[in-house]
Amino acid sequence: MNFPRQFPIRFRAFTSKSNETPKGNVKAFEQIPGPKGPLGLGNIFQYIPGIGRYSFDELHRCGEDKYRQYGPIVRETMVPGQDIVWLYDPDDIATVLDDRTPGMYPSRRSHTALEKYRKDRPNVYRTAGLLPTNGLEWWKIRSELQKGLSSPQNVRNFLPATDKITKEFIVRLKPNLESESQNSSSKSFLIEDVMPLISRLNLELICLLAFDVRLDSFSQEQMHPNSISSRLMESAETTNSSVLPTDQGFQLWRYFETPAYRRLRKAQEFMEKTAVELVSQKLLYFNEDQQRLASGEHSKSLMEEYLRNPNLELNDIIGMASDLLLAGVHTTTYSTSFALYHLALNGSTAQERLFREAKKILPDPRENRIGAAVLGSEASYCRAVLKETLRLNPISIGVGRILNRDHVLAGYHVPRGTVIVTQNMISCRQETYFREPLRFLPDRWMRETKEPTHPHLVLPFGHGMRSCIARRLAEQSMLVLLLRLIRSFEIEWAGTVPMDVKTKLINQPDQPIRLRFKPRPV
């Protein structure tokens with residue numbers, strides 16, 4: 001994907017104060033450039049399929065277009081009274097994300113239809129959950145739920161199970177391959193789309209780590225379109241695809257059931273039903289599991305951690321279970337898919353170097369295990385591969401916030417309550433901030449060749465208190481998969497180049513992940 005070059009290279013001093021403007025030079029909010037729509041009636045019509053020039057599925061292209069037209073700050077009126085300010089300058093991004101207004105918590109406007117769905121069901125949910133909730137209510141549940149996920153030691157406790165299941169996945173890959181030359185000497189195999197297989201792996205991991213349940217997602221029964229595994233993956237994708245269209249515009253779904261809200265409701269009903277069943281099962285066997293845990297026969301799942309917490313109600317736990325099923329499958333799947341795409345296109349450089357690192361860690365992949373110490377010190381290039389992937393293909397286009405107080409951004413006064421969305425994906429592809437920004441260069445993150453980078457550019461998991469609650473778990477799962485897969489196979493890209501993205505809340509590849517696999521000698 002080749003975005004046009006906008007500005008000459010200029011590496012700046014990295015400081016959150018560089019956007020400060022003398023008070024007399026501050027311009028009014030109304031002067032911020034950007035599209036307002038005809039007669040100021042809003043720009044939402046530009047996102048209507050077949051009519052407008054923009055698309056919710058291509059927000060990165062919309063963002064690049066606005067950056068080219070208006071510069072590093074853009075005010076877009078979606079409908080009258082509903083503005084979004086898009087930020088591209090990392091100094092302005094830092095000003096917003098590092099705000100520490102006393103007594104205030106970072107807020108955002110997102111998942112508003114999901115919020116309505118859950119608030120309409122007080123018998124199941126006490127709050128709308130982590131994704132749409134703001135303020136003190138959000139912090140009360142976040143501060144308790146993060147205890148099982150934010151601690152590095154807690155995440156490391158899940159590593160043996162993650163490595164075991166990932167190893168099983170690598171063994172299963174070969175039977176799932178469609179071989180074009182199975183009886184020939186080439187020994188290469190083709191997968192038309194590896195992405196659904198990675199989704200099944202991540203679903204299996206989430207269910208084991210969160211609920212201590214194996215869905216056996218790769219069994220013949222679970223591969224059926226109407227199985228629990230298949231429907232959970234479909235429901236998560238449907239929900240994520242419905243968030244942006246329902247967040248923006250006139251939100252008519254608040255008054256009657258629109259097609260987008262109906263799709264979200266039906267998807268959530270199935271995910272909710274599954275979450276309730278899984279939590280109920282954990283509750284039923286809770287005492288038995290505690291006895292097995294005391295005897296060393298059992299490892300603690302996330303749900304057990306939450307059920308033991310006196311500050312969490314059952315409704316909170318069900319909401320978190322639903323959120324894990326919603327956010328824990330496709331985010332890691334898409335990020336891993338982008339990494340495999342880049343590695344496949346850079347076989348003689350990045351992939352070969354990653355293979356050498358993986359071979360040191362797993363001399364015999366059938367026998368060796370990946371330990372916590374290994375991921376911390378010996379997998380430095382694998383971490384660089386992942387970070388470079390997330391620079392070029394972040395989980396979302398940026399980070400959303402609602403300003404808790406007035407700010408001066410890019411010389412403009414931006415009042416409290418304004419919706420801000422950072423455009424990190426676009427900024428990370430500019431020569432302003434990165435050398436050869438469109439090239440996949442993991443070495444830029446290695447200690448010996450690291451380049452100066454603004455700390456508020458690459459933020460794939462968000463930032464601060466509101467960052468992804470399962471970041472460490474997601475990173476661990478992706479690192480294990482990349483190490484084991486590249487240790488076992490040489491991969492070649494068999495799809496179209498370049499691969500673009502679809503911005504359905506979380507960025508996903510716009511085509512199947514078509515890869516040719518060649519088994520490596522043990």
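The following exchange goes through selected features of a predicted model.

Biologist: What conventions apply to this predicted model?
Modeller: Residues are numbered from 1 along each chain as its sequence is written, and side-chain values use heavy atoms, with hydrogens and water left out. Because the model is predicted, local features need pLDDT of at least 70, totals for chains, interfaces and linings use all residues, and side-chain atom pairs count only at pLDDT 80 or more.

Biologist: Which residues does Cys468 touch, leaving out those up to four places away in sequence?
Modeller: The unreviewed UniProt entry places a "binding site" at Cys468; such positions are given in the numbering used here, feature names are shortened, and annotations may be inferred rather than shown by experiment. Cysteine 468 is found in the loop between α17 (424–427) and α18 (471–488), where helices (H or I, at least four residues) and strands (E, at least two) are DSSP runs numbered from the N terminus. Its relative accessible area of 33% makes cysteine 468 partly exposed, given that buried means under 20%, exposed over 50% and partly exposed in between (1.4 Å probe, protein chains only). With contact meaning heavy atoms within 4.5 Å, the residues that cysteine 468 touches are Arg142 and Phe461.

Biologist: Which element gives the most residues to the largest nonpolar core?
Modeller: A nonpolar core is a set of buried Ala, Val, Leu, Ile, Met, Phe, Trp, Tyr and Cys residues joined through side-chain atoms within 4.5 Å. The largest has 85 residues, and those with the most contacts inside it include Leu343, Leu483 and Phe517. With nine residues, the element that gives the most to this core is α18.

Biologist: What is the angle between the ring planes of phenylalanine 489 and phenylalanine 517?
Modeller: Rings of Phe, Tyr and Trp (its six-membered ring) pair if their centres lie within 6.5 Å, with planes under 30 degrees apart counted as stacked, over 60 as edge-to-face and the rest as tilted. Phenylalanine 489 lies in strand β8 (residues 489–493) and phenylalanine 517 in strand β11 (residues 515–519), so this pair ties together parts that are 28 residues apart in sequence. Phenylalanine 489 is buried at 5% relative accessible area, as is phenylalanine 517 at 1%. The ring centres are 5.2 Å apart, and the pair is edge-to-face because the planes stand at 90°.

Biologist: Which residue lies over the face of tyrosine 54?
Modeller: Tyrosine 54 forms a tilted pair with tyrosine 47, at 5.5 Å centre to centre and 50° between the planes, and ring pairs link Tyr47, Tyr54 and Phe56 into a cluster. Tyrosine 54 counts as buried at 9% relative accessibility. A charge sits over a ring if NZ of Lys or CZ of Arg is within 6 Å of the ring centre and within 35 degrees of the ring normal; at 5.0 Å from the ring centre of tyrosine 54, the residue over its face is lysine 66.

Biologist: How many of the residues of α12 are buried?
Modeller: Helix α12 (residues 314–327) reaches 20 Å from its first C-alpha to its last, close to the 20 Å expected, the expected span being 1.5 Å times one less than the number of residues. Elements covering its buried residues include α3 (112–119), α8 (228–247) and α9 (259–284). The helix is mostly covered, and of its 14 residues the number buried is 11.
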